[in-house]
Each structure stands twice: as C-alpha cells, then as structure tokens.
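This report describes one protein chain in plain terms. Please keep the structure in view while reading.

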Amino acid sequence: EGDAQSGTVIVDIQTFGAEGTKYVPDILKITVGSTVKWTNDRKSASSTTSHPGQEESWDSGAMSKGTFDKEPASFEHTFNTLGCFTYESQYSGDLNTGAICVVE
C-alpha cells in the first residue's frame, strides 16, 4: 500500500524488549534502481540475508556497532529487478524477517 519510495531508503534493525529485534519497516515498497540501507545501532550482531532462489540476492554478513563507532553498522543493496524479495537475519535469537517489493 502507499507510494513507493526511491533513492536510498533506510531500514533500521531495532530491539523491542521481549519481542526481540525487528526490521523497521519490515515491508518496504521501492522503485526499481533504489537502494535499501539496513542499519544496526546495537552492539549485538544481526544481518540481512535474502532467502535462496530469488532473482535478487544479498548477504550483509555480521553487522554490529563497535564500542567506539560513531555511526551504526550498515549494509546497502541496490534493487534492479521487479518483484518482492524476502529476507531474514542469520543470527541465533534474531527473529527478523522482512520483504522488499520493487515496482516501476
């Protein structure tokens, strides 16, 4: 629903108490050629990894903010294929799941 975002769009990895970590927003609609930038301002590692078998694939590896880092850890991926792509964190205890829908 709503208009698609374009350019560089931020997805934050946030902690929600007992619920654990979540991607905010967890579902994102962007235009083709846009970049998603995932950020993690926590000291605990998290990741963004596409589910296998999709036309777009990415894997951030471990992202965590170091003790002396001024900026959150981040990873960017530019989407050039139309469709919806799902992803999750590869770290134990992270229940993050999300989707990026790419439109014209």
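## A serine in a loop

Ser89 has its place in the loop between β7 and β8. The model is predicted, and every value below was computed from it. Is Ser89 buried or exposed? Its relative accessibility is 7%, and because buried means under 20%, Ser89 counts as buried.

The side chain of Ser89 reaches two backbone nitrogens. One belongs to Ser47, at 3.4 Å. The other belongs to Tyr91, at 3.3 Å. Leaving aside residues up to four places away in sequence, Ser89 touches Tyr23, Ser46, Ser47, Asp94 and Asn96.

## The neighbour Gln90 and the strand residue Thr49

Gln90 also lies in the loop between β7 and β8. Its relative accessibility is 48%, so Gln90 counts as partly exposed. The side chain of Gln90 makes a polar contact of 3.5 Å with the side chain of Glu88. With residues up to four places away in sequence not counted, Gln90 touches Ser47 and Thr49. Ser47 is also on the list of residues that Ser89 touches.

For a sense of distance, take Gln90 and Ser34. They are 56 residues apart in sequence, and their C-alpha atoms are 24 Å apart in space.

Thr49 lies in strand β5. With a relative accessibility of 9%, Thr49 counts as buried. Which residue shares a polar contact with the side chain of Thr49? The partner is Asp59, whose side chain is joined to that of Thr49 at 3.0 Å. Not counting residues up to four places away in sequence, Thr49 touches Trp58, Asp59, Tyr87, Glu88 and Gln90. Asp59 is thus on the contact list of Thr49 as well as being its polar partner.

The table lists side-chain contacts described in this report.

| Side chain | Partner | Distance |
|---|---|---|
| Ser89 | backbone nitrogen of Ser47 | 3.4 Å |
| Ser89 | backbone nitrogen of Tyr91 | 3.3 Å |
| Gln90 | side chain of Glu88 | 3.5 Å |
| Thr49 | side chain of Asp59 | 3.0 Å |

## The sheet around this loop

The strands on either side of the loop pair with one another. Strand β7 covers residues 83-88 and strand β8 covers residues 97-103; they pair in the antiparallel sense over six bridges. Within this pairing, Gly83 stands opposite Val102 in β8.

Both strands belong to an open sheet of four strands, in the order β3-β8-β7-β5, with mixed pairing. Which strands are at the edges of this sheet? The edge strands are β3 (27-31) and β5 (49-50), each of which pairs on one side only. Thr49, described above, is therefore a residue of an edge strand, since it lies in β5. In a regular strand, the side chains alternate between the two faces of the sheet.

## Pairing at the start of the chain

Strand β1 (residues 8-15) has two pairings to describe. With β4, it pairs in the parallel sense over six bridges. Val9 has Val36 as its bridge partner in β4. With strand β2 (residues 21-24), β1 is joined by four bridges, and these two strands run antiparallel. Here Ile13 stands opposite Tyr23 in β2. Tyr23 is also one of the residues that Ser89 touches.

β1 and β2 form a hairpin with five residues between them. In the turn, Gly17 has a positive phi of about 50 degrees.

## A salt bridge between loops

How many salt bridges are there? The count comes to one. It joins the side chains of Lys65 and Asp41, at 3.0 Å from N to O. Lys65 lies in the loop between β5 and β6 (73-78) and Asp41 in the loop between β4 (35-40) and β5, so the pair ties together parts that are 24 residues apart in sequence. Asp41 is partly exposed, with a relative accessible area of 48%.

## The chain as a whole

The chain has zero helices and eight strands. Its radius of gyration is 13 Å, close to the 13 Å that the globule rule gives for 104 residues, so the chain is as compact as a globular protein of that length. The C-alpha trace spans about 40 × 25 × 25 Å along its principal axes.

Of the 104 residues, 37% count as buried. Among contacts with a separation of 6 or more, 60% are between residues 24 or more positions apart. The accessible surface comes to about 5900 Å², and 48% of it belongs to carbon and sulfur atoms.

How values were computed:
Residues numbered from 1 in each chain as written. Predicted model: local features only at pLDDT ≥ 70, side-chain atom pairs only at ≥ 80, totals over all residues. Heavy atoms only, no water. Pairing = 2+ DSSP bridges. Buried < 20%, exposed > 50% of the residue type's maximum accessible area, 1.4 Å probe, protein only. Contact = heavy atoms within 4.5 Å. Polar contact = N/O pair within 3.5 Å; in protein donor to acceptor, adjacent residues only side chain to side chain. Salt bridge = Lys/Arg side-chain N within 4 Å of Asp/Glu carboxyl O. Rg over C-alpha atoms; globule rule 2.2 N^0.38 Å. Areas by Shrake-Rupley, 256 points an atom, 1.4 Å probe, with all protein chains shown as cover.
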